Amino acid sequence: MRHIISILLENEAGALSRVSGLFSARAFNIESLTVAATEDPSLSRMTIVSSGSDSVIEQITKQLNKLIDVVKVVDLSEAPHIERELMLVKVRATGKDREEMKRIADIFRGRIVDVTESSYVIELTGDCSKLDAFLEVIDHSLVLETVRTGVSGIGRGDRILKI
Amino acid sequence: MQLTGAEIVVKCLQEENVEYVFGYPGGSVLYIYDEFFKQDKFKHVLVRHEQAAVHAADAYSRSSNKVGVCMVTSGPGVTNAVTGIATAHMDSIPLVIISGQVPTHYIGQDAFQECDTVGITRPCVKHNFLVKDVKDLAITLKKAFYIAQSGRPGPVLVDIPKDITTHVCEFEYPKAITMRSYAPNVKCHSGQVRKALQLMLEAKRPMLYTGGGVILSDASRQLVNLAHALGFPVTNTLMGLGGYPATDKQFVGMLGMHGTYEANMAMHHCDVLVAIGARFDDRVIGNPADFGSVPRKIIHIDIDPSSIAKRVDVDVPIVGHLPEVLGELQALFDEQKSKPDAKALAAWWKQIDAWRGKNSLKYKQGKEIIMPQYVIEKLYEVTGGDAFVTSDVGQHQMWAAQYYKFDKPRRWINSGGLGTMGVGLPYAMGVRFANPEATVACVTGEASIQMNIQELSTAKQFRLPIKIINLNNRYLGMVRQWQQMFHGDRHAESYVNALPDFVKLAEAYGHVGMLIERPADVEPALREAFTKHKNDLVFMDFITDQTANVYPMIAAGKGLSDMILAEDL
Ligand SMILES: Cc1cc2nc3c(=O)[nH]c(=O)nc-3n(C[C@H](O)[C@H](O)[C@H](O)COP(=O)(O)OP(=O)(O)OC[C@H]3O[C@@H](n4cnc5c(N)ncnc54)[C@H](O)[C@@H]3O)c2cc1C
Ligand SMILES: Cc1ncc(C[n+]2csc(CCOP(=O)(O)OP(=O)(O)O)c2C)c(N)n1
Ligand SMILES: [Mg+2]
């Protein structure tokens, strides 16, 4: 099953490689990994999307907790949460495709953030499936380039990951 | 007090009451060595290869429960040390390794003797640090000692660039330390302990399976008390030997790939299993599915949550420090009324005694050729069962584990997790530094001993009267055994040719050498070595049976009851 794991860790040089090294050394799967400093610059917040059986996910959280630089680990997927990812898509936009592309972007609440005579860059935020759906819907042959940030996640309501 | 980085390193080691630093100098650590030279609170042991420095520090720790300390230079010093570090890591041994690094402003420039030490060692340490500011040096070393020995122990490396050792700052050694990201002191869950005891009291066929955690946490006394109170059978892993006295009647021997028939059968057929500081390694449970096919309840006590339910599902997990958890179990047992089911227990013991009757460790010693098992049995007799025994890796290691009956913890020193050939001699050195009066024997093979043979020179310099028991079968015996059993008896590269004359070799290093070729000479030779040559290092080259195999054996991936016994062949 797919899990979204949130990690609070010391913002130290090398902390990221300890986490990514753990995943490769133990053959754990990573779908995406995002990280940045938090409002407290001594801490980083990381979101990892992984998949595996319950026992694999249990090992992942235990092994993450074991890393000396890791302060806290939660599996967001265990309770209500919000997941968001940002995608930038550069598409060919000429002739009648220009109007059509803008229309689909609007439906997905995307924004066109760069325009040339022949192309758009569309910015889209949402959960993974929404971004996937957008790519499904538009004409594949018009896609010039895509870049996605990977998932960031946060618990709903009273679930707070903080020290 | 204003001190240089090099002076700070020395002060910190003194504050930690370090007795010995095992190491080897080089360019990046010269300022530190210069400070070593000026002090006499701790001693430096100059080995002949950095790998041996780490192994020696490792055995110093295994045989004493103090942190082992080593020092190596940047680049090749570090890479030579890696095998030692990985060996300690796999067996959870607390070490602090200090490595030199190129000056801060050279890092990343492919500088002379530069390597990415933090990167190379990251997967085989509990934690590591690169010190980038002299102001962080003391606190980093404090953290290193704290992390190494708390929680599940392990090696911690501190990488110090050369310029940092010359920079100056105010020195103050922190008394205590807390880290928000590391809280190793977990109090065990009383409800879980209660549940565990309940299961144990209801058991018909109970079993205690204990491992290296008992040794690492000095929980032997608590284990023995609890086992005696309950009357349950006890088996030890290879790493747990000595944690429960081998001569005690409740002891059924080591379990696993080369465990006794009774230990493996009892493990397989028990209905309540208590795993105590043991991690269900694949050399113990080779086939988790087969093991799971017998219904039983499992209680698992370990300080590291990730050891629990990793390979085998567990019913009652208990995370905690063994002496505390066992103490709490004992207290709970003492204060309540119920006792284990005596009738069921008697029937269980009857079954176990029947398995014991197989006598799975029997072998035949004839008149002509020395059997390796016989050498270990005689070694046990001659040393009164009270020696520190280190071993290398191979068949000789298994025979030492099977035939030397360890009654005390920290007497059996070997590499279990990584299985590193070459540890035996440096391990014996480390043991002797930690236990200056002790009798120390190193059981080895003609192949393993050559992996760190250069340490005969260190042993000479420090007058370490180690007795090397070389079980010389002219084979990479363990490899040959697998080839015989699983690869059509084709001995691909397992015969060791062009062996040195070990007697002359020992003599060349200034030691005593003995060649023993006949069974009748085994005991007299051992007596001579341990009495007449008490104060010498003696290299005893026993020419042993080339075809002897280690039995019982469970082939890799097979179930516990699927044992190959000597008598089957
Ligand atoms: C050639 C060869 C053959 C081998 N054959 C066998 C064999 O037949 N049988 C066998 O058993 N092994 C064998 N081994 C060794 C095997 O590879 C493992 O090293 C060994 O089984 C692991 O032992 P352990 O389970 O006791 O764990 P260890 O590696 O000793 O781990 C100790 C456990 O205790 C825990 N712990 C540490 N401190 C505490 C504390 N304070 N409180 C609570 N828990 C703590 C740790 O977290 C860890 O889970 C062999 C090795 C070699 C090289
Ligand atoms: C450094 C290292 N290389 C290779 C191995 C694989 N290996 C395990 S046992 C063994 C043979 C050991 O031979 P010897 O020391 O003569 O012991 P014996 O088995 O003959 O008693 C080998 C090569 C190992 N464990 N360690
Ligand atoms: Mg051999």
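**Exercise 1. Is Q113(B) buried, exposed or partly exposed, and where is Q113(B) placed?**

Solution.
Step 1. Q113(B) has a relative accessible area of 27%.
Step 2. Buried means under 20% relative accessible area, exposed means over 50%, and partly exposed lies in between, with a 1.4 Å probe and protein chains only. Q113(B) is therefore partly exposed.
Step 3. Q113(B) is placed in the loop between β5 (95-101) and α5 (117-121) of chain B. Helices (H or I, at least four residues) and strands (E, at least two) are DSSP runs, numbered from the N terminus.
Step 4. Q113(B) is not a glycine, yet its phi is positive, about 55 degrees.

Before going on: this is a predicted model, in which local features need pLDDT of at least 70 and side-chain atom pairs count only at pLDDT 80 or more, while totals for chains, interfaces and linings use all residues. Residues are numbered from 1 along each chain as its sequence is written, chains are lettered from A and ligands numbered from 1 in the order in which they are written, and side-chain values use heavy atoms, with hydrogens and water left out.

**Exercise 2. Describe the backbone at N65(B) and at P552(B).**

Solution.
Step 1. N65(B) has a positive phi near 65 degrees and is a residue other than glycine.
Step 2. N65(B) sits in the loop between α3 (50-62) and β4 (68-72) of chain B. Its relative accessible area is 35%, so N65(B) is partly exposed.
Step 3. The peptide bond from Y551(B) to P552(B) is cis, with omega near -5 degrees. P552(B) belongs to the segment after β20 (538-543) of chain B.

**Exercise 3. Locate T260(B) and state what its side chain reaches.**

Solution.
Step 1. T260(B) lies in the loop between β11 (251-254) and α10 (261-269) of chain B.
Step 2. T260(B) counts as buried because its relative accessibility is 7%.
Step 3. The T260(B) side chain reaches the backbone oxygen of V252(B) at 2.8 Å. A polar contact is a pair of N or O atoms within 3.5 Å; within protein, one must be able to donate a hydrogen and the other to accept it, and residues adjacent in sequence count only if both atoms are side-chain atoms.

**Exercise 4. Which atoms coordinate the magnesium ion (ligand 3), and why is the arrangement irregular?**

Solution.
Step 1. The coordinating protein atoms are two OE entries of E446(B), OD1 of N473(B) and O of Y475(B), at 2.1 to 2.5 Å. Donors are N, O and S atoms within 2.8 Å of the metal (3.2 Å for Na, K and Ca); water is not among the atoms, so sites may look incomplete.
Step 2. The spacing of the donor residues in sequence is E-x26-N-x1-Y. N473(B) and Y475(B) are buried.
Step 3. The 6 donor atoms subtend angles of 52 to 176 degrees, which makes the arrangement irregular. Four donors count as tetrahedral if all angles lie between 85 and 135 degrees; four count as square planar and six as octahedral if opposite donors are over 155 degrees apart and all others between 65 and 115; anything else is irregular.

**Exercise 5. Describe the surroundings of ligand 2.**

Solution.
Step 1. The shell has 17 residues, and among the closest are Q395(B), H396(B) and G419(B). A residue is near a molecule if one of its heavy atoms lies within 4 Å of it.
Step 2. Oxygen atoms of ligand 2 meet polar backbone atoms: one at 2.8 Å for Q395(B), and one at 3.2 Å for A447(B).
Step 3. The protein covers 76% of the 580 Å² of accessible area that ligand 2 has on its own. Such areas come from the Shrake-Rupley method with a 1.4 Å probe; for residues, only the protein chains shown count as cover.
Step 4. With 3 residues, α18(B) gives the most to this shell.

**Exercise 6. Describe the surroundings of ligand 1.**

Solution.
Step 1. Ligand 1 has 35 residues around it, with T237(B) and R279(B) among those that come nearest.
Step 2. A polar side-chain atom of T237(B) is 2.7 Å from an oxygen atom of ligand 1. For an N or O atom in the R279(B) side chain, the distance to an oxygen atom of ligand 1 is 2.7 Å.
Step 3. Of the 1000 Å² of accessible area that ligand 1 has on its own, the protein covers 97%.
Step 4. α8(B) gives the most to the shell around ligand 1, with 3 residues.
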